[in-house]
Amino acid sequence: MRTVLLLVLALIAVGALAFYLLTIPVTFSAADLPDHTPDVANGKMMFIAGGCAECHAVPVKTCDGLEIEDETQLAGSRCLKTDVGTFHVPNISPDPETGIGGWSTLDFVNAMKRGVAPGGVHLYPSFPYTSYQRMRFEDLIDLKAYLDTLPPVRSTVPANALHFPYNIRRGVGLFQRLYVDGKTFEPDPQASQSVNRGGYLVMGPGHCVQCHSPRNALGGIIASAAFAGAKSPSGKGDAPNIGSSSEGIGDWSQADIAYFLETGSTPDFDVVGDVMVPVQENMARLPAKDREAIAAFLKTLPPGRESAETP
Ligand code: HEC
Ligand code: HEC
């Protein structure tokens, strides 16, 4: 009996140690950051391409009952309802106490490229850092400089309400072992400059893959089915296949895609809806050559799996 008990205790200890070791936060150090003079205008473009306001800005009700957001007020508090529970989006305004005003550029880079907040706190991937990790250090330094120009806003954001075992923050370290490497998007030397720029915007700040791809049980994107379509995070309808499948936008020309990103109109005279609306509105604010680049990159994607429905 005693030996069994000792054995069980030993197994628990080994398990706990393994969990501890596997979930140690991985971060960059100051030496990894390039020497770069921040460009606030480019930082604002990254903010728009990244759709940060969609989650972090405060929704305001107008007197007509319309809900609009002031993209400069990043007080958070919006909630994201998911299968694992409800996330309350944090304050990322420069308020030193309730926002990220006290964060260094390195702290910010670690959140964006490693999913780790100061103090070694693992961040949940409901914050789409599995895409933002592909951003260039220089663009992140610019983005931080832009965020620093915004007004500090105080806010108290409730704690996330997640189901067990997802409420164990440290466990996110296991997910990060599989899906986070902090590697910047690598341009394809065979592809044109425009395709590579588009690839960067799609895979990095634009985080298009997050909604347009099916996920596995761990919440990771199934790489082989990237862009093949998935259920919309709104729960209403689908985020369609945006690869070259004839089921999706395979028969749209590059110009059709660029026009859609600019105006929200599809070649069959439909208009964009659902959670793609704010994404499209952000794309419309980018330089035209960036929209053309995104379209050029999407045209290089494989068809992907034929249907978003079949697992
Ligand atoms: C899909 C919604 C979503 C988008 C888009 C998004 N975030 Fe977040 N972000 C979150 C959530 C949710 C968290 C908190 C995750 C957690 O609880 O661990 C978060 C956390 C953060 C944090 C850590 C804050 C802290 O106090 O620990 C930073 C910094 C951040 N986001 C910056 C950004 C920036 C910059 C952008 C745009 C490039 C962005 N986020 C886009 C949802 C989002
Ligand atoms: C927040 C989730 C989300 C993100 C992020 C997102 N999309 Fe979408 N997208 C959708 C949804 C949902 C639809 C379907 C919209 C509708 O019902 O009209 C859609 C539709 C589209 C369409 C039209 C497809 C068709 O067959 O009509 C294109 C093209 C597209 N997205 C491209 C992109 C690109 C490029 C990005 C990255 C810059 C992106 N999306 C990011 C959710 C998303």
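Six donors around a metal count as octahedral if opposite donors are over 155 degrees apart and all others lie between 65 and 115 degrees. In this predicted model, the six donor atoms around the iron atom of ligand 2 subtend angles of 87 to 179°, which makes the arrangement octahedral. The protein donors to that iron atom are His-212 (NE2) and Met-276 (SD). For the iron atom of ligand 1, the only protein donor is His-56 (NE2).

**Iron site of ligand 2**

- The distances from the iron atom of ligand 2 to His-212 (NE2) and Met-276 (SD) are 2.0 to 2.3 Å.
- His-212 belongs to helix α9 (residues 208-212) and Met-276 to helix α11 (residues 276-284), so the two donors tie together parts of the protein that are 64 residues apart in sequence.
- As a general reference, ideal angles for six octahedral donors are 90 or 180 degrees.
- Is His-212 buried or exposed? His-212 counts as buried because its relative accessibility is 10%, and the cut-off for buried is under 20%.
- Met-276 has a relative accessible area of 21%, so Met-276 is partly exposed.

**Surroundings of ligand 2**

- There are 22 residues around ligand 2, and those that come nearest are Cys-208, Cys-211, His-212, Gly-273 and Met-276.
- His-212 also has a polar side-chain atom 2.8 Å from a nitrogen atom of ligand 2.
- Gly-273 takes part through its backbone, with an N or O atom 2.8 Å from an oxygen atom of ligand 2.
- At least two residues of the shell around ligand 2 come from each of α9, β9 (238-239), α11 and α12 (288-299).
- By class, the shell around ligand 2 holds 15 nonpolar, five polar and two charged residues.
- Leaving aside residues up to four places away in sequence, His-212 touches Phe-227, Ala-228, Gly-229, Ala-230, Ala-239, Pro-240, Ile-242 and Met-276.

**Iron site and surroundings of ligand 1**

- His-56 (NE2) lies 2.0 Å from the iron atom of ligand 1, and His-56 is part of helix α3.
- Which residues come nearest to ligand 1? Of the 21 residues around ligand 1, they are Cys-52, Cys-55, His-56, Tyr-124 and Arg-169.
- An N or O atom in the side chain of His-56 is 2.9 Å from a nitrogen atom of ligand 1.
- The side chain of Asn-160 has an N or O atom 2.9 Å from an oxygen atom of ligand 1.
- For the side chain of Arg-169, the distance from an N or O atom to an oxygen atom of ligand 1 is 2.7 Å.
- Two or more residues of the shell around ligand 1 come from each of α3 (52-56) and α4 (105-114).
- With three residues, α3 gives the most to the shell around ligand 1.
- The shell around ligand 1 is made up of 15 nonpolar, five polar and one charged residues.

**Gln-133**

- Gln-133 sits in the loop between α5 (129-132) and α6 (137-148).
- The relative accessibility of Gln-133 is 0%, so Gln-133 counts as buried.
- A polar atom of the Gln-133 side chain is 3.1 Å from the backbone oxygen of Tyr-179.
- Not counting residues up to four places away in sequence, Gln-133 touches Met-112, Lys-113, Tyr-179, Val-180, Asp-181, Gly-182, Lys-183 and Thr-184.

Key: Residues are numbered from 1 along each chain as its sequence is written. Chains are lettered from A and ligands numbered from 1 in the order in which they are written. This is a predicted model: local features need pLDDT of at least 70, side-chain atom pairs count only at pLDDT 80 or more; totals for chains, interfaces and linings use all residues. Side-chain values use heavy atoms; hydrogens and water are left out. A residue is near a molecule or strand if one of its heavy atoms lies within 4 Å of it. A polar contact is a pair of N or O atoms within 3.5 Å; within protein, one must be able to donate a hydrogen and the other to accept it, and residues adjacent in sequence count only if both atoms are side-chain atoms. Helices (H or I, at least four residues) and strands (E, at least two) are DSSP runs, numbered from the N terminus. Ala, Val, Leu, Ile, Met, Phe, Trp, Tyr, Cys and Pro count as nonpolar, Asp, Glu, Lys and Arg as charged, and the others, Gly among them, as polar. Donors are N, O and S atoms within 2.8 Å of the metal (3.2 Å for Na, K and Ca); water is not among the atoms, so sites may look incomplete. Four donors count as tetrahedral if all angles lie between 85 and 135 degrees; four count as square planar and six as octahedral if opposite donors are over 155 degrees apart and all others between 65 and 115; anything else is irregular. Buried means under 20% relative accessible area, exposed over 50%, partly exposed in between (1.4 Å probe, protein chains only). Contact means heavy atoms within 4.5 Å.
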